[in-house]
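Me: I am new to this structure. Please choose a single part, look at it closely, and then place it among its surroundings in one connected account.

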Amino acid sequence: EGVRKKNYSKLDKDIDVDVLIIGGGLTGVSTLYYLKDKGLNVVLVEQNKLGHGVTGKSTGKLNYLQDSLYDKIKKNLNEEKALEYLKSQIEAINLVVDIVKTNNIDCDLVKVPAFVYTNKESLV
């Protein structure tokens, strides 16, 4: 509600760029955000509307508690890799929080506790 949608022109000619980002979802827009001040000619193209695909249909919840994924990583690789993945997810969430704060983005970002439940008697 209250989001202003900007209309962008269609790409109707060949362009010369240093970096072409295809897709205007969270990954594409994040990539553009980090490259915008690097002195590169960066262009993002999106077939439809920015942020209206999978990104637009997400809950917007940032969460590093991802079901049994860590267990799968530990089983298929090792505990160290599972811990590395956890740290990467926490870092990614912290990056988003920093972007929101740095750019004064009014997006109702709220930090709340998260819980994981199990019906197993033992976690081992």
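Reply: Contact, as used below, means that heavy atoms lie within 4.5 Å. The model is predicted, and the values that follow are computed from it. The part chosen is helix α3, which covers residues 79–102.

Start with the length of the helix. Helix α3 has 24 residues. At 1.5 Å a residue, those residues should span 34 Å. The expected span is 1.5 Å times one less than the number of residues. The C-alpha atoms at the two ends of α3 are 34 Å apart, so the span in the model agrees with the expected one.

Next comes the N-terminal end. N78 caps this end of α3. A side-chain oxygen of N78 lies 3.1 Å from the backbone nitrogen of E80. E79 takes part in a salt bridge with K74, with an N to O distance of 4.0 Å. That pair fits the term, because a salt bridge calls for a side-chain nitrogen of Lys or Arg within 4 Å of a carboxyl oxygen of Asp or Glu. E79 is exposed, with a relative accessible area of 55%. K74 has a relative accessible area of 42% and is partly exposed.

Further along α3, the side chains of K81 and E84 meet in another salt bridge, at 3.7 Å from N to O. These two residues are three residues apart in α3, so about one helical turn separates them. An α-helix has 3.6 residues a turn, so residues three or four places apart point the same way. Side chains of opposite charge can pair when their charged atoms come close. K81 is partly exposed at 38% relative accessibility, and E84 is partly exposed at 39%.

The structure holds three salt bridges in total. Besides the two already described, there is one between D37 and K36, whose closest N and O atoms are 2.7 Å apart. D37 is exposed, with a relative accessible area of 62%. K36 counts as partly exposed at 45% relative accessibility.

Now turn to the buried residues of α3. They are A82, Q89, I93, I99 and V100. Buried means under 20% relative accessible area. These buried residues pack against α1 and α2.

Which of those residues deserves a separate look? Q89 is one choice, as it lies in helix α3 and has a relative accessibility of 19%, so it counts as buried. Leaving aside neighbours within four places in sequence, Q89 is in contact with Y64, Q66 and Y70.

A further residue to follow is L62. It is found in the loop between β2 and α2. The C-alpha atoms of L62 and Q89 are separated by 9.2 Å, while the two residues are 27 residues apart along the chain. Without counting neighbours within four places in sequence, L62 is in contact with I93, V96 and L109. Of these, I93 is among the buried residues of α3. L62 itself counts as partly exposed, because its relative accessibility is 38%.

Helix α1, one of the elements that the buried residues of α3 pack against, belongs to a unit of its own. Strand β1, helix α1 (residues 26–35) and strand β2 make a right-handed β-α-β unit. The two strands, β1 at residues 19–22 and β2 at residues 42–45, run parallel and are joined by four bridges. One bridge pairs V19 with V42 in β2.

Last is the segment after α3. N104 lies in this segment and takes a positive phi of about 50°, although it is not a glycine. N104 counts as exposed, at 67% relative accessibility. D108 also has its place in the segment after α3. Its phi is positive, about 60°, and D108 is not a glycine. D108 is exposed, with a relative accessible area of 69%.

To put the picture together: α3 is capped by N78 at its N-terminal end, its buried residues pack against α1 and α2, and N104 has a positive phi just after the helix.

Methods
Residues are numbered from 1 along each chain as its sequence is written. This is a predicted model: local features need pLDDT of at least 70, side-chain atom pairs count only at pLDDT 80 or more; totals for chains, interfaces and linings use all residues. Side-chain values use heavy atoms; hydrogens and water are left out. Two strands pair if DSSP finds at least two bridges between them. A crossover is right-handed if, with the strands pointing away from the viewer, the path from the first strand over the helix to the second runs clockwise. Buried means under 20% relative accessible area, exposed over 50%, partly exposed in between (1.4 Å probe, protein chains only). A polar contact is a pair of N or O atoms within 3.5 Å; within protein, one must be able to donate a hydrogen and the other to accept it, and residues adjacent in sequence count only if both atoms are side-chain atoms.
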